[in-house]
Amino acid sequence: MPIDAPVGSDARHDPYAALRAPDVGLYLAGSLVGTLGLQMQEIAIGWELYERTHSTLALGLVGLVLILPVIAFALPAGHVVDRFDRRRVLLIALSLYVLASAGLAIVSATRAPVWMVYALLLLNGTATAFQSPAKSAYFAQTVPREHLANGMTWSSFTWQLASVLGPAAGGAVIGIAKSATPAFVLGGAASLLFATAIAFTRSRPTERTTVARDRRDFLAGLHYVLKTKVILATLTLDMFAVLLGGATSLLPVFAKDILRVGPTGLGWLAAAPAMGAVLVAIALAYRKPMRNAGRTLMAAVIGFGGATIVFGLSRSFWLSIAMLVTIGGLDMISVVIRATLVPLLTPDDMRGRVAAINGVFIGTSNELGGFESGALASLIGPVGAVVFGGIGTIVTVIGVGVLWPELRRLKNLDRGPAIED
């Protein structure tokens with residue numbers, strides 16, 4: 001959401017302020033294409049694995065395999081991003097995505113053993129471990145600080161727009177080709193196009209006042225997150241809420257066995273959360289800055305949990321779509337608050353290390369959440385797993401609000417968090 005203007009300010013709100021900065025448009029266009037390809041690939045992975053194994057646990061293992069490299073490389077990745085040229089690190093990470101996509105296409109086309117899919121997902125996860133902090137820190141250098149929240153809103157918009165188009169396109173490609181192979185090929189091509197766009201962008205120089213020469217500096221990002229209570233509370237809320245409330249990893253099961261809508265229906269189910277997120281992102285970009293960011297965040301996550309429960313119980317395709325749209329719209333509020341808060345509170349020379357820790361929280365919630373959902377579904381069924389997760393999300397919000405009252409008192413985000421006394 002846009003950074004709040006000072007109370008009483010009569011300055012006219014410019015919803016396109018960040019887009020007027022040089023190279024921001026090129027970056028976001030490349031990010032849109034790259035994310036679209038990754039979303040197509042995600043649909044292809046889920047469909048191929050479930051078609052070949054008919055196992056919810058196999059779907060859950062995707063998240064576990066993807067998050068392991070993110071956790072393992074979080075600290076070194078953050079150090080590399082802060083120590084070396086961020087654009088170059090981002091280009092190398094995108095190259096790894098291209099290699100992983102090519103490998104997945106070959107495995108799919110030749111019907112190679114399933115374990116090879118997971119091996120390539122490890123490579124994909126390694127790319128994510130470096131790409132996530134590099135992308136976040138590099139974009140923060142590209143956008144003027146005073147327009148950072150507006151830039152994060154448009155960045156989230158492009159990500160979510162790709163998340164609408166990518167799954168739908170992926171499902172359509174699989175349905176037409178009767179194979180996931182073309183989706184993997186297109187995913188690799190999209191990463192290559194994003195890398196090309198990045199190669200032509202420029203950003204402000206980074207002032208590197210600290211270099212990770214010893215263990216203390218190496219762990220500086222982790223220490224900074226732990227001592228900054230508002231950041232820690234926000235990341236914790238996002239991690240546990242999405243970890244428990246994430247139903248997307250089970251969408252192939254709902255599409256095939258419960259709603260019976262096939263790969264095309266799966267594509268629309270997977271795209272529905274991003275549809276809601278796109279609508280909310282546009283509203284946030286155009287609306288005047290909001291107040292009471294902390295309470296709004298907590299209310300949005302509670303709604304996220306409630307919509308997840310309804311989705312799990314639904315037997316109607318359109319009700320399921322509506323709940324997924326609601327889930328995506330409410331999650332967008334959390335995404336933009338976190339994406340704005342973290343770089344605003346973090347010194348530029350530490351943004352790589354802090355972004356890497358942030359990536360662990362995000363990756364844990366998304367990928368490990370997929371493993372949790374798949375494993376729990378294998379025990380109590382997909383419906384029970386989703387409903388249990390929604391209830392757990394609501395309980396998490398209550399717990400975080402009690403542990404970190406600073407989050408409840410978080411007001412506007414005008415050049416740093418304003419917290420009500």
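**Exercise 1. Exposure of one residue**

Place Phe388, at 47% relative accessibility, in its exposure class.

*Solution.* Start with the cut-offs: buried means under 20% relative accessible area, exposed over 50%, and partly exposed in between, with a 1.4 Å probe and protein chains only. Phe388 at 47% therefore counts as partly exposed. Next, locate the residue: Phe388 lies in helix H16, residues 382-403. Helices here are DSSP runs of H or I with at least four residues, strands are runs of E with at least two, and both are numbered from the N terminus. Last, take a distance. The C-alpha atoms of Phe388 and Leu376 are 9.3 Å apart, with the two positions twelve residues apart along the chain.

The model is predicted, with pLDDT of at least 70 needed for local features and 80 or more for side-chain atom pairs, while totals for chains, interfaces and linings use all residues. Residues are numbered from 1 along each chain as its sequence is written, and side-chain values use heavy atoms, without hydrogens and water.

**Exercise 2. The whole chain**

State how many helices and strands the protein chain has, and what share of it is buried.

*Solution.* Count the elements: there are 17 helices and zero strands. Then take burial: 58% of the 421 residues count as buried. Finally, look at sequence separation. A contact means heavy atoms within 4.5 Å. Among contacts between residues at least 6 apart in sequence, 86% join residues at least 24 apart.

**Exercise 3. The cores**

Find the residues with the most contacts inside the largest nonpolar core.

*Solution.* First, the term: a nonpolar core is a set of buried Ala, Val, Leu, Ile, Met, Phe, Trp, Tyr and Cys residues joined through side-chain atoms within 4.5 Å. The largest has 51 residues, and Leu121, Leu269 and Phe311 have the most contacts inside it. Helix H1 (residues 24-53) contributes the most to this core, with seven residues. A second, separate core has 42 residues, among them Val24, Phe139, Val143 and Ala281.

Now inspect Phe311. Setting aside neighbours within four places in sequence, Phe311 touches Ala247, Leu251, Phe254, Ser320, Met323, Leu324 and Val386. Two of these names return in helix H11 (residues 251-258), where Leu251, Pro252, Val253, Phe254 and Ala255 are buried.

**Exercise 4. H1 against H4**

Describe how H1 packs on helix H4 (residues 86-110).

*Solution.* Begin with the geometry. The axes are 12 Å apart, at an angle of about 30°. Axes are lines fitted to C-alpha atoms, for helices over the stretch in contact, and angles run from 0 to 180 degrees between N-to-C directions. Under 35 degrees counts as roughly parallel, over 145 as roughly antiparallel, 65 to 115 as roughly perpendicular, and the rest as oblique. H1 and H4 are therefore roughly parallel.

Then the hand. The crossing is left-handed, meaning that the near helix is turned anticlockwise from the far one by less than a right angle; clockwise would be right-handed.

Then the residues. H1 supplies Leu38, Gln41, Ile45, Glu48 and Arg52, and H4 supplies Tyr97, Ser101, Leu104, Val107 and Ser108. By class, the contact has five nonpolar, three polar and two charged residues. Ala, Val, Leu, Ile, Met, Phe, Trp, Tyr, Cys and Pro count as nonpolar, Asp, Glu, Lys and Arg as charged, and the others, Gly among them, as polar.

Close with Glu48 of H1. Glu48 is buried, at 6% relative accessible area. Beyond its neighbours within four places in sequence, Glu48 contacts Ser108, Arg111, Ala180 and Phe184.

**Exercise 5. H1 against H2**

Give the hand and the residues of the contact between H1 and H2.

*Solution.* The axes of H1 and helix H2 (residues 56-72) come within 8 Å and cross at roughly 145°. The crossing is right-handed. From H1 come Ile45, Gly46, Leu49, Tyr50 and Thr53; from H2 come Thr56, Ala58, Leu59 and Val62. The classes are six nonpolar, three polar and no charged.

**Exercise 6. Positive phi**

Locate Lys178 and Arg260, and give their phi values.

*Solution.* Recall the background: most residues other than glycine have a negative phi. Lys178 has a positive phi, near 60°. Lys178 sits in the loop between H6 and helix H7 (181-199) and is exposed at 72% relative accessibility. Arg260 has a positive phi near 55°. Arg260 lies in the loop between H11 and helix H12 (262-286) and is exposed at 65%.
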